Amino acid sequence: MPKRVITYGTFDLFHIGHVRLLQRLASLGDHLTVCVSTDEFNAIKGKSSVIPYDQRAEILSACRFVDAVLPENDWAQKRTDIVEQKIDIFAMGNDWSGKFDDLGDLCEVVYLPRTEDISTTSLKAYMDALRSEQLGEIKHLIETLNDKAASL
């Protein structure tokens, strides 16, 4: 009997951690459905994505480990998705450990380890640091030019 697996996430700034998670998720069964948080749902959660929903969904659809991609529009849809998609295993990264145990009455709930040393949050922090550094350099350059202009 084939096993169907489902997971949820934003999948912004697609990176090796996402690839490895999807590979582990796919190894749990025969069919992997990935539900991707829409931009509107991310806004409700107080999050924003660098990559728009349509592009994130397309990236995931192109991944060889993913069989189907659905939009995630709200927190409550998980129970409906599990029933409608005939899901056997609900799986998430272990940063969500214990948060979805209530779904255990519908299917098996599994939490998988995250890939160490990589996350979208850390990538965004790195990008913000680079941006701040570049802005500091530009500000210094402008001050230098202003000083030179004032001395003419």
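D88 is partly exposed in this predicted model, its relative accessible area being 32%. The residue sits in the loop that runs between α4 and β4, the latter spanning residues 89-93. On the surface, D88 belongs to a patch of negative charge, in which it is joined by D30, D67 and E108. Patches of this kind take in residues with over 30% relative accessible area and no salt bridge; D88, at 32%, is therefore above the area cut-off.

The protein chain as a whole contains five helices and five strands. Read from the N terminus, these elements follow the order β-α-β-α-α-β-α-β-β-α. The chain has 152 residues, and 34% of them are buried. Its accessible surface amounts to about 9,300 Å², with carbon and sulfur atoms contributing 55%. Among the contacts with a separation of 6 or more, 64% are between residues that lie 24 or more positions apart.

Within strand β4, F90 is buried, and its relative accessible area is 0%. When residues up to four places away in sequence are not counted, F90 touches I6, Y8, K78, I82, F100, L103, C107, E108, V109 and V110. One of these, E108, is also a member of the negative patch that includes D88. A separation of 16 residues in sequence lies between F90 and L106, and their C-alpha atoms are 9.2 Å apart in space.

Helix α4 comprises residues 77-84 and includes D81. D81 is buried but takes part in no salt bridge. The nearest side chain of opposite charge is that of K78, at a distance of 7.2 Å. A salt bridge requires a side-chain nitrogen of Lys or Arg within 4 Å of a carboxyl oxygen of Asp or Glu. With neighbours within four places in sequence left aside, the contacts of D81 are I6, Y8, C35, K86 and I87. I6 and Y8 also appear among the residues that F90 touches.

K78 is instead paired with E72 in a salt bridge, in which the closest N and O atoms are 2.7 Å apart. K78 is buried, with a relative accessible area of 3%, and E72 is likewise classed as buried, at 2%. K78 is also one of the residues touched by F90.

In total, the structure holds five salt bridges. In one of them, the side chains of D39 and R56 meet at an N to O distance of 2.7 Å. D39 belongs to helix α2 (residues 39-44) and R56 to helix α3 (residues 53-62), so this salt bridge ties together parts that are 17 residues apart in sequence. The two partners differ in exposure: D39 is partly exposed, at a relative accessible area of 32%, whereas R56 is buried, at 1%.

A further salt bridge is formed by the side chains of R79 and D102, with an N to O distance of 4.0 Å. This pair links distant parts of the chain, since R79 lies in helix α4 and D102 in the loop between β4 and β5 (108-112), 23 residues apart. R79 is partly exposed, with a relative accessible area of 32%. Together with D102 and D105, R79 is part of a network of salt bridges.

Methods: Residues numbered from 1 in each chain as written. Predicted model: local features only at pLDDT ≥ 70, side-chain atom pairs only at ≥ 80, totals over all residues. Heavy atoms only, no water. Helix = DSSP H or I, 4+ residues; strand = E, 2+ residues; numbered from the N terminus. Buried < 20%, exposed > 50% of the residue type's maximum accessible area, 1.4 Å probe, protein only. Lys, Arg positive; Asp, Glu negative; His and termini not counted. Contact = heavy atoms within 4.5 Å. Patch = residues over 30% accessible without salt bridge, like charges linked within 9 Å, V, L, I, M, F, W, Y side chains within 5 Å. Areas by Shrake-Rupley, 256 points an atom, 1.4 Å probe, with all protein chains shown as cover. Charge placed at Lys NZ, Arg CZ, Asp CG, Glu CD.
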